[in-house]
Amino acid sequence: MVEGLFSGLQRMLKAKALIIRINLLFIAFFLLVYAALLLRRPSSAAYPLNAASFVSCSLRECHPKMKAVLEETEPRLPLKVKGNVSQLEIPMKLLKKMGKLTKIGMVNFDEEDVSEWESSFDIIRIGFEKVSEYFEWKDLFPEWVDEEEDIDGASCPEIPMPDYRSYPNVDVVVAKLPCRFPEEGWGREVFRLQVHLIAANMAARRGKRDWFSRTKVVFLSKCRPMIELFRCDDLVSREGDWWFYEPEMSRLEQKVSLPIGSCQLAMPIWDRAGVNKVYDLSKIKKSTKIIKREAYATVIHSSEAYVCGAITLAQSLLQTGTKRDLVLLMDESISMSKRTALVAAGWTIRIITRIRNPRAEKDSYNEYNYSKFRLWQLTDYDKIIFIDSDIIVLRNLDLLFHFPQMSATGNDNSIFNSGIMLIEPSNCTFQIFMDHRNEIVSYNGGDQGFLNEVFVWWHRLPRRANFLKNFWSNTTVERSVKNEMFGAEPAKVYAIHYLGLKPWLCYRDYDCNWNIDDQRVYASDVAHRRWWKLHDAMDQSLQRLCGLTKRRRIELDWDAKIAAKIGFQDRHWNITITDPRRINLLDR
C-alpha cells in the first residue's frame, strides 16, 4: 500500500517536472523571439526621430507643387540584354558566400552578359528608363529656389524610377555605376545619381535585412560610389572595381525620403502665419532636453582675429536654450588668456594640428583653411553642426540635427555655403579628404570649394538658417526686406552670417563696410546693431576680448577719410564716433 502510494507520488512529481521544463522552454523561446524582434529593427540612438516627425504637414502638403519623384512611377518591363556584350564575372566574395537561392537585384547591367550570374544565383533585373541626356545637374541644384513661395513655390524635375512594387525582396542589390573620371564635371552626372538613387531605393524598399538592420549593396565602378549616399563607414570590403557595402537602413531611408536635389527645401519653410504653424515646437523642445551625441562646433586657427566672434557665437547659442555640447577646435597660436575666455564663454576646447591647403600661397589667408577637415575627426559625436565664428544664432537650431550630412543653405550656382552645415564625423571620410587634397580643385581656393567637390549631392536648408549679410542686387527693395529680417523681434531668421568686415572690427557706431567701395554690398547698420546688442548682454570680462588695437583704429580712420574723399552719399564717414573702444585700446 505504502509502496503504491510512493510510486504514484513519484509519477506525479515527474509529470510536474516535465510540465515545468516545457514551460521553461516556451519562456525561453518567447524571449528569443522578442530579442530577435528588437534586434531586427533597432532604433539608432543617433537617429531617434526623423526630421519629418516635427513637421505637422507632409513634404507633399508643405510643397503641393512637388513632382512625384519619390512616388511609384508607371510599371516598366526589365530591359533586354543587347547583342555583342561582354561577360560579367562574379566577384569571389559573392561566389564564396552566396548560393543558388540568393536573390540578386541587378541595376544597369543591360550591356553585360550575366549568364554566369544567372546560373549561380536567382537574378532579378531592375528595369528603368534612363534619364534624358538633356537633364543637367543645375536642374536639380539650381542657384535659387522660391523658398518663401512668393511665386509658385519650389519644385523638382522628375528622375525616372522603377516600379519597386513589381519586384520581390532581394538579398543583395548589385549596380553598375557610370564613371567618366577624369572628365570635368564627372561627379555631377545626373545618370550617375540616378543609378545611385535606384540602388538606394531598392535596398531601402526591397532589400532583406540582417539582425542589425543592414542590407547588402554591391557596386561595380572605377570611381568611388557617392559617399553622400553610401558612407565609407559602411564599406566592408573592396575587390578590384567591386565595392561591397552594408549600409545602415535608417540612415539610407532618411536620405531617399528627402528631395532629390536642392531644387526643394529639405526642411520646408514655415507657413506665412508663423513658425508655429508648420513646426510642432513642443516635440522639438522635448527632444532638445535629451542629451545626445551631438554638438555645435567652430574652428579658429593661425591668429586670434576671430576669438571675439567665437565668444559671441557661443553666447548666442546658449541664449537659444540648446543642451548640446559646444566644441571649439583651435591650434597652438591662441594664447592661454584667450583660451580661458573662450572656455568661460561656453566652449570645450580641443587642440588640433593645422592642415595646409597645398594649393594656397605661403602666408595667404587660406593657407591653413583645410584645418576645418578636423571636424570629421570628432567621432565621439554622431552629428556636428558647424558654424563659422562670424555668425550669431538667434533661434534654436537643434532641429537641424535631425537631417543627414550634407545639409546646408545654398550659395552660388549649384553649391552650398559651408558657414553652417550638418556633418557626420567619420575617420574614413577625413582620410578621403587627406588622400585627395592635392588633386581636388577648390573653386574659391578654400574649404567650401573643396567640400562642394566631395559632397555634390546635398540637402538644402532654408536661407533663414544661415542668412547672409549681403545685398548683391543693391536695390532699395532688397535692403528694405533684408534689414527687416535682420532686425525683427522675435527673430525671423535662425542665424546672421556677417560677410565682409566683421562687427568687432568696426566702431560700434556704424557698419564700417560702408566706407570701402568693394565692401559696401555687405553693409547693414541694422544687422550691425543686432550683433552689438548680443555683445552688450555678455559679461564684461568677455566684452574686453572684443576691443580694438591701435593699428585697427588707424585703419578705420583711414577708411573713413578715403570714403569722405570719394564722397559716398550715405555719409557714414561723417558720423561722430562715440565708441569708447576708440580710446580704450587693447594694446595701450
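**View 1. A nonpolar patch on the surface, made by W558, I562 and I566.** Together these three residues offer about 300 Å² of accessible area. Accessible areas here come from the Shrake-Rupley method with a 1.4 Å probe, and for residues only the protein chains shown count as cover. To join a patch, a residue needs over 30% relative accessible area and no salt bridge; nonpolar side chains (Val, Leu, Ile, Met, Phe, Trp, Tyr) are then linked within 5 Å, and like charges within 9 Å. A salt bridge, for its part, is a side-chain nitrogen of Lys or Arg within 4 Å of a carboxyl oxygen of Asp or Glu. I562 sits in helix α17, which covers residues 550-566. Helices (H or I, at least four residues) and strands (E, at least two) are DSSP runs, numbered from the N terminus. With 31% relative accessibility, I562 is classed as partly exposed. That class falls between buried, under 20% relative accessible area, and exposed, over 50% (1.4 Å probe, protein chains only).

A word on what you're looking at: this is a predicted model, where local features need pLDDT of at least 70 and side-chain atom pairs count only at pLDDT 80 or more, while totals for chains, interfaces and linings use all residues. Residues are numbered from 1 along each chain as its sequence is written, and side-chain values use heavy atoms, with hydrogens and water left out.

**View 2. The whole chain, for orientation.** Follow the chain along and you'll meet 17 helices and 18 strands. Of its 588 residues, 52% count as buried. The chain exposes about 28500 Å², with carbon and sulfur atoms supplying 55% of that. Take the contacts (heavy atoms within 4.5 Å) with a separation of 6 or more: residues 24 or more positions apart account for 75% of them.

**View 3. An open sheet of 3 strands, in the order β13-β18-β17.** The pairing in this sheet is mixed. At the edges are β13 (391-393) and β17 (467-468), each pairing on one side only. Two strands are said to pair if DSSP finds at least two bridges between them. β13 and β18 (residues 495-497) pair in the antiparallel sense, over 3 bridges. Look for I392, which stands opposite I496 in β18.

**View 4. The hairpin of β7 and β8.** Just 2 residues come between these strands, and G240 in the turn has a positive phi of about 65°. β7 and β8 (residues 242-245) pair in the antiparallel sense over 4 bridges. Across the pair, L235 stands opposite Y245 in β8.

**View 5. Helix α13, largely enclosed by the rest of the structure.** Why say enclosed? Because 7 of the 8 residues of α13 (residues 447-454) are buried. The buried ones are D447, Q448, G449, F450, L451, N452 and V454. They pack against β15 (416-423) and α12 (427-436).

**View 6. K372, a buried lysine in a loop.** The loop in question runs between β11 (348-351) and β12 (383-387). K372 has 7% relative accessibility, so it counts as buried. Which residues does K372 contact, leaving aside its neighbours within four places in sequence? They are V299, F386, D388, S418, M421 and D447.

**View 7. The disulfide of C232 and C428.** A disulfide is a pair of cysteine sulfur atoms within 2.5 Å, and by this rule there are 5 of them. C232 and C428 are joined at an S to S distance of 2.0 Å. The link is right-handed, with 85° about the S-S bond. C232 is in the loop between β6 (216-220) and β7 (235-239) and C428 is in helix α12, so the pair ties together parts that are 196 residues apart in sequence. C232 is buried at a relative accessible area of 8%, whereas C428, at 25% relative accessibility, counts as partly exposed.

**View 8. The disulfide of C308 and C546.** Here too the S to S distance is given as 2.0 Å. The torsion about the S-S bond is about 95°, so this disulfide is right-handed. C308 lies in helix α10 (residues 307-319) and C546 in the loop between α16 (540-543) and α17, so parts 238 residues apart in sequence are tied together. C308 counts as buried at 3% relative accessibility, and C546 is buried with a relative accessible area of 1%.

**View 9. The disulfide of C506 and C512.** The S to S distance in this one is 1.9 Å. With -60° about the S-S bond, the link is left-handed. Both C506 and C512 are buried.
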